[in-house]
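Reader: Before I set up any calculation, I would like to go through the pockets and one of the strands with you. Could we look at the model together?

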Amino acid sequence: MRNSLINTIVKYAEKDKKLFLISGDAGYGVLDEYKKRFPDRYLNMGVAEQNMISFAAGLGLTGYKVFVYNIIPFVLYRCYEQVRNDICYQRLPIALIGIGSGVTYAPQGITHYAVEDIAIARTLPNLVILSPSDPRESEKCAEFALKSRVPVYIRVAKSGEPLIHKNDIKDITKPLVVSEGKQVAVLFHGSVGSEVIKAVEGMKERPIAISIPMIQPLDFRYLLERLEGIHALITVEEHFIEGGLGTVISEWLTKEKLPFKLVRLGIKNEFIHSIKNKSGMRDLYGISSHKIRRTILETLSNE
């Protein structure tokens, strides 16, 4: 997903002379092509994340379309105040590219994980939150950010994520049906989508699988249309259960008094001390394909 996103930015940089890319001592290798072709529109700001965000805001005020690239703890956590005051408060069309969503960097530990970033980002008015599930979604997220007139935060895993969409994507702002089904809907975002698709493959009674790439703002009216005939919802995310998509859906159901049963799968809100690789982490927290499948079957049996 990361390569798809950056390749899209490179393509647009050929046409738009006001496109600027900033990194914070990150992106070695993946940004080489951009740096080679547009050296006058690239800066590595080093290990100075707050300054990186404020500098991007300054460029944005002068008319540049700025992309900021770094791992998520350094594009959102360490510089939250600057993102809040310099970018979101001023409604600047800056795009924050956060690498390493969820437990992508396992087993490097909690300092490298991004399991609460959506909860944090949701507190920021004017900020669009995008969490693509595959390279096709990632490309469309980049295109959206290039045209956006408000701040955008795009969270991606790293690289090598499989395609889950068979067809082209028309509108990244809408929930996307990946696999048709009935009775139960599995709503997901991010790279854990590959686990969801693996879980529903071959099921006799298959649930509908819906990717939610745009989490804020979420098009609830469009989503509700896709849920016709559905009785139960399962949210799956490589993020804390509290504060992410599951919470967004829960708040919606409560506000609109909708009758859907809701099951939320995700990472328990706790500091992670276990040392495992990404697959092991997903299995530990119940978001591996076989555990998602088990939850689907349990939910179907209760219908």
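Reader: Which residues line the second largest pocket?

Author: The model is a predicted one, and the second largest pocket in it holds about 200 Å³ of space. By class, its lining has five nonpolar, three polar and three charged residues. The residues that line this pocket are Leu-163, Ile-164, His-165, Lys-166, Val-178, Ser-179, Ser-194, Ile-197, Val-200, Glu-201 and Arg-206.

Reader: Which element gives the largest share of the lining of the second largest pocket?

Author: The elements that contribute two or more residues to the lining of the second largest pocket are β7 and α8. The largest share, three residues, is supplied by α8.

Reader: And which element gives the largest share of the lining of the largest pocket?

Author: The largest pocket encloses about 320 Å³ of space, and among the 15 residues lining it, those closest to its centre are His-165, Asp-168, Ile-169, Leu-176 and Val-177. Two or more lining residues come from each of β7 (176-179) and α9 (220-226). The largest share, three residues, belongs to β7.

Reader: Turning to strand β8, which residue in β9 is the bridge partner of Ala-185?

Author: Strand β8 (residues 183-188) has five of its six residues buried, and six bridges join β8 in parallel to strand β11 (residues 230-240). With strand β9 (residues 208-211), β8 pairs in the parallel sense over four bridges, and these two strands form a right-handed β-α-β unit with helix α8 (residues 193-200). In β9, the bridge partner of Ala-185 is Ile-208.

Methods. Residues numbered from 1 in each chain as written. Predicted model: local features only at pLDDT ≥ 70, side-chain atom pairs only at ≥ 80, totals over all residues. Heavy atoms only, no water. Buried < 20%, exposed > 50% of the residue type's maximum accessible area, 1.4 Å probe, protein only. Pairing = 2+ DSSP bridges. Right-handed = clockwise from strand over helix to strand, strands pointing away. 1 Å grid on protein atoms, 1.4 Å probe; cavity = no way out; pocket = protein on both sides within 12 Å on 5 of 7 lines; lining within 4 Å. Points joined across faces, edges and corners; volume = space filled by probe spheres on them. Nonpolar A, V, L, I, M, F, W, Y, C, P; charged D, E, K, R; others polar.
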